[in-house]
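Open the structure in a viewer and keep the sequence panel visible. The stops below say what to select and what to look for.

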Amino acid sequence: MAEQQIDQFTRRLDGKVRRAVRENSAAGTAKRAEILAADYGDPTPLRRLAGEIRQHAIENLDVHLAKAEDSLKRNGAEVHYAVTAGDACRVVSDILSRAGARKVVKSKSMVTEEIELNGHLEAEGIESVETDLGEYIVQIDGDHPSHIVKPIIHKSREDIARSFEREGLGDYDDDPETITRRARAWLRRKYFEADAAITGANFVTADSGRLVLVTNEGNSRFCLAATRLHIALVGIEKVVSGDADLAVLLNLLARSATGQQLTVYTEFIQGPAGSGRPSGPRETHVVFVDNRRTEVLASDCREILRCIRCGACLNVCPVYRQATGHAYRGVYPGPVGAVLTPLLAGKDFPAFADLPKASSLCGACNEVCPVDIPIPDLLLRLRNRAHAERLPSPGSPPMGPFAAMASRPWLWRMALRSGRVMDVGPVQKIPVPWMRAWLNTRTLPEWRGGKFRAWMRDRRKGGDET
Amino acid sequence: MSVPSQRPAGRKVLFMATCLCDAFFDNAARAAVEVLEHAGCEVIFPEDQTCCGQPAFNSGNWPACRKVMRHAAEVFNGDLPVVTPSGSCAAMLFHGAGIAFEGEPDREVIGQLAGRAWELADFLVNGLGVPSWPGRFPARVAFHQACHTRGTASGPAALRLLGMVEGVEVTPFGEGDQCCGFGGTFSVGFPHVSTSMGQLKLDHVRKATPDFLVSGDMSCLLHLGGLAGKEPGGAVPTLHLAEVLQKALRDDG
Amino acid sequence: MKDAREQIFASIREALQTLPERKPHPGPPSGAADPRWLAEETDAAALFLKRAAAAGTKVFTDAEACADWLRGLSARVVLLAENVTELTVDALSFAEVVSVFDRNDPDRIDASVTRAAAAIAETGTVVLTDETTPDRLAALAPWTHVVVVRRGEIHRSVADALAALPDDPNVIWVTGPSKTADVEGILIQGVHGPGEQAVLLI
């Protein structure tokens with residue numbers, strides 16, 4: 001029987017990894033809830049406000065993006081545009097080659113994961129080093145991040161210690177403190193050797209032309225302190241109207257992502273550092289990347305563009321907690337990924353049309369979302385799209401016959417009565433795949449089709465008599 | 001989740017039994033009827049009712065969903081409140097319908113039904129304003145809130161009703177706000193994930209050692225009860241919220 | 001062929017054309033983003049110290065105590081920024097005091113003392129700018145960083161601080177020491193930036 005890929009992945013997953021991810025995610029959910037309750041009581045009105053701010057931004061993207069471009073240029077930054085992932089990579093390598101840059105340090109950025117920038121730069125002979133601790137470990141392992149804010153949530157300290165030993169960062173030592181110190185020393189060399197820094201941006205303000213970058217480790221700050229050339233890759237949807245919007249968004253982002261009031265380092269970048277400054281970039285390039293965001297904007301799932309990449313929906317999702325990030329086969333795991341990955345896949349939508357089905361539609365993702373994205377509704381819309389495109393759905397019962405029955409009362413009543421064969425027949429042998437899938441781990445209660453109806457009829461008769 | 005702000009709440013109601021109660025859980029449906037009648041309602045059961053359309057909606061087959069919902073709109077036409085002992089069926093009517101009928105010519109017709117839909121506990125507490133419940137049911141219960149009532153008034157309403165029944169002790173359990181793993185066709189499309197989710201829920205529930213696992217949705221109980229039936233840990237007795245209220249009434253004589 | 005910019009704007013406009021109307025901006029948040037306890041806090045300096053300490057920052061209101069702390073950490077080489085007057089070379093006599101960060105020997109300096117442009121009481125944050133911290137590395141690379149804040153420079157809330165964001169190529173809000181929880185969710189301080197972050201409020 002054909003199995004859904006996510007279910008298959010989950011079945012084969014190492015129990016230790018599953019447990020680690022589940023516990024870490026549950027802890028993240030609890031921390032988020034605790035700080036929001038302490039600071040806002042019920043955070044829902046604030047989440048709704050943030051959702052409106054972001055929805056306004058994306059529904060007026062033409063205006064705000066043009067304004068952001070003007071403001072950034074006024075501040076001394078150079079602005080570029082890239083339609084596709086490939087275009088974005090080429091824009092970056094052109095800037096680097098004009099500057100003669102051969103070594104790059106990178107701060108964590110989801111859009112650079114999306115366009116596979118590191119692979120592109122490597123092919124061009126440019127060394128590109130991830131500086132976020134988790135992303136660095138992902139890079140040396142040739143792995144992929146499995147969580148938006150906790151890229152190595154699937155790795156143990158033993159895994160990391162072995163990787164560090166292999167890469168020559170010291171003898172095997174799995175003490176997290178030692179691991180961190182070794183990365184500090186090693187990456188510090190990389191910062192000072194680098195010719196350029198590549199970052200993403202969490203937000204871009206249209207009115208003031210600021211790139212906003214948040215980190216806890218301080219790696220993006222180090223990138224922008226040690227190098228003289230800064231390239232920021234920014235998804236076009238990251239634009240917000242102004243600085244004032246950030247009060248709501250920053251307060252919710254840190255609390256939702258890591259349970260902090262604010263991230264340790266919140267950086268506002270207008271452009272290159274003044275010429276007399278001893279540190280800071282002399283050039284700032286902002287590359288606005290589409291990579292099918294405009295297709296998402298044109299779709300009935302445009303609300304997903306509100307996303308501020310906090311990872312709260314992953315942490316709370318019961319499916320993510322069982323399946324873990326790599327099950328989602330994309331840069332964005334969990335509920336947000338189940339929406340975004342198929343949308344960003346373009347003509348490859350069919351290859352990812354199973355992701356929106358990997359949800360019990362429990363709605364916990366929407367409940368924790370700092371920008372109130374109706375994720376379950378979007379998952380449903382994508383399921384409808386998959387159906388409209390006649391894509392197969394392994395394991396699901398066909399709904400056409402069901403609807404035919406459920407719109408004909410006489411047929412429905414007949415089915416209710418005939419269902420009783422299940423109580424006498426050998427149900428385990430029923431050759432219907434979805435029935436087998438149910439019965440493998442679950443029993444069915446006794447069939448009592450029509451009993452309630454009969455009771456209602458009897459009462460009515462009884463009622464008539466009295 | 002969009003819940004209509006103005007819904008009719010008179011004491012003459014149309015009862016939507018749900019397909020699960022129609023097929024398996026007649027006890028829960030009977031209990032719901034008796035509970036509504038105790039609250040002073042005249043309960044009308046339109047015989048031609050079938051399903052709310054949710055299975056087709058959730059599996060992405062919206063043409064099939066609309067077919068079923070159009071039938072439901074016909075069966076439940078009029079202006080009486082439609083009450084159902086299931087949060088997810090109620091949510092299908094007042095939230096899902098609006099999505100499934102986006103851009104459809106008869107969206108208004110379906111919207112008219114959506115604007116009268118109530119989940120049972122929500123209707124009793126917030127529609128009728130039931131202040132107290134007679135009788136007694138001495139039991140420790142673990143209450144599982146169905147996910148489709150997340151963020152609606154149904155969860156708090158159910159807890160209020162349980163709190164009204166003398167003898168009922170509601171015991172909390174771990175990760176109470178997590179899903180049971182049913183999710184309709186999800187449970188058969190993703191059996192491994194679904195089963196793991198359900199087992200986690202059962203572990204938490206068993207640790208709280210309740211006499212009954214109670215929910216306002218038979219779908220969650222179908223799943224959890226079905227899982228427990230196959231597990232070495234053994235069966236966990238389940239009751240619909242309406243059955244708890246019904247048992248209290250019976251004790252009252 | 002259209003250039004990338006034109007192509008993207010054309011796609012955006014086309015996508016937005018289908019909307020019956022565009023969502024208006026909800027208006028300024030006017031306090032919505034403030035934590036509910038903020039209104040009761042009347043002393044911005046006291047709140048700043050409390051929140052900074054909660055974020056893992058060492059707080060001092062006395063220059064001598066701060067110097068003693070640095071001595072206690074056995075800071076042998078201390079960078080003292082030129083615009084800092086609250087701590088002096090004399091007060092740091094236990095250490096070699098320098099004024100320039102040498103990127104060829106980034107780990108030579110044990111501690112640095114620099115000036116903040118402002119602070120935020122709500123979050124215990126210090127605000128650094130290129131104007132007040134011309135060498136970004138000086139405030140970042142050493143294991144210990146002390147930042148000097150003056151009482152009059154404290155904003156009450158994040159919203160207030162945003163309304164008063166300086167016109168500077170680079171403004172950074174620092175809330176506690178550099179940290180990570182990437183390895184098994186265990187909190188470790190001092191990943192790339194300071195492992196010890198301190199403020200001296202004058």
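The tour starts with chain A, follows a sheet into chain C, and ends at the contact with chain B. Bear in mind throughout that this is a predicted model.

**Chain A as a whole**

Select chain A and show it as a cartoon. Its C-alpha trace spans about 100 × 55 × 45 Å along the principal axes. There are 24 helices and ten strands in chain A. Of its 466 residues, 59% count as buried. Among the contacts in chain A between residues at least 6 apart in sequence, 75% join residues at least 24 apart.

Now colour residues 12-294 of chain A, which are domain 1, and residues 405-465, which are domain 2. The centres of these two domains of chain A, taken over C-alpha atoms, are separated by 55 Å.

**Strand β6 of chain A**

Select residues 211-215 of chain A, which form strand β6. Are the residues of β6(A) buried or exposed? Five of the five are buried. Show the side chains: A:Leu211, A:Leu213 and A:Thr215 point one way, while A:Val212 and A:Val214 point the other way. Residues on both of these sides of β6(A) are buried.

Next, add residues 203-205 of chain A, strand β5, which runs antiparallel to β6(A) and is joined to it by two bridges. A:Val204 has A:Leu211 as its bridge partner in β6(A). The two strands form a hairpin with five residues between them. In the turn, click on A:Gly209, whose phi is positive, at about 65°.

Then add β9(A), residues 265-269 of chain A. β9(A) runs antiparallel to β6(A), and five bridges join the two. To check the register, find A:Ile269 in β9(A) opposite A:Leu211, and A:Glu267 as the bridge partner of A:Leu213.

**Across into chain C**

Keep β9(A) selected and add β9(C). Which way do these two strands pair? They are antiparallel, with five bridges between them. One position to label is A:Tyr265, which stands opposite C:Val174 in β9(C).

Zoom out to see the sheet that these strands belong to. It is an open sheet of eight strands with mixed pairing, in the order β8(A)-β5(A)-β6(A)-β9(A)-β9(C)-β6(C)-β5(C)-β8(C). At its edges are β8 of chain A (239-240) and β8 of chain C (154-155), each of which pairs on one side only. Strands of a sheet pair through backbone hydrogen bonds, either parallel or antiparallel.

**The contact between chains A and C**

Select the residues of chains A and C that touch. This contact takes 61 residues from chain C and 73 residues from chain A. On the chain C side, α1 (4-17), α4 (158-163), β9 (170-174) and β10 (179-180) each supply at least two residues. The largest share comes from α1(C), with eleven residues. By type, the chain C side divides into 32 nonpolar, 15 polar and 14 charged residues.

Two pairs of chains touch, and the pair with the most contacts is A and C. Chains B and C do not touch, and their nearest C-alpha atoms are 13 Å apart.

**The contact between chains A and B**

Select the touching residues of chains A and B: 53 residues come from chain B and 54 residues from chain A. Among the elements of chain B that each supply at least two residues to its side are α2 (26-38), α4 (62-75) and α10 (191-207). The residues on the chain B side are 25 nonpolar, 20 polar and eight charged.

Within this region, select helix α20 of chain A, residues 399-406. Its buried residues are A:Met399, A:Phe402, A:Ala403 and A:Ala406. These lie on the same side of α20(A), because they cover an arc of only 95° around the axis. On the other side of α20(A), A:Gly400 and A:Pro401 are exposed. What do the buried residues of α20(A) pack against? They pack against α21 (409-418) of chain A, and against α3 and α4 of chain B.

**Last stop: the nonpolar core**

The largest nonpolar core has 297 residues. Residues with the most contacts inside this core include A:Leu249, A:Val287, B:Leu93 and C:Val127. Centre the view on B:Leu93 and leave aside its neighbours within four places in sequence: B:Leu93 is then in contact with B:Cys52, B:Val82, B:Leu113, B:Ala114 and B:Ala117.

Notes:
Residues numbered from 1 in each chain as written. Chains lettered and ligands numbered in written order. Predicted model: local features only at pLDDT ≥ 70, side-chain atom pairs only at ≥ 80, totals over all residues. Contact = placed C-beta atoms within 7 Å. Helix = DSSP H or I, 4+ residues; strand = E, 2+ residues; numbered from the N terminus. Nonpolar A, V, L, I, M, F, W, Y, C, P; charged D, E, K, R; others polar. Domains from an automatic or database assignment. Pairing = 2+ DSSP bridges. Buried ≥ 20, exposed ≤ 12 C-beta atoms within 10 Å, placed from the backbone. Arc of directions from axis to C-beta. Core = buried A, V, L, I, M, F, W, Y, C linked by C-beta atoms within 7 Å.
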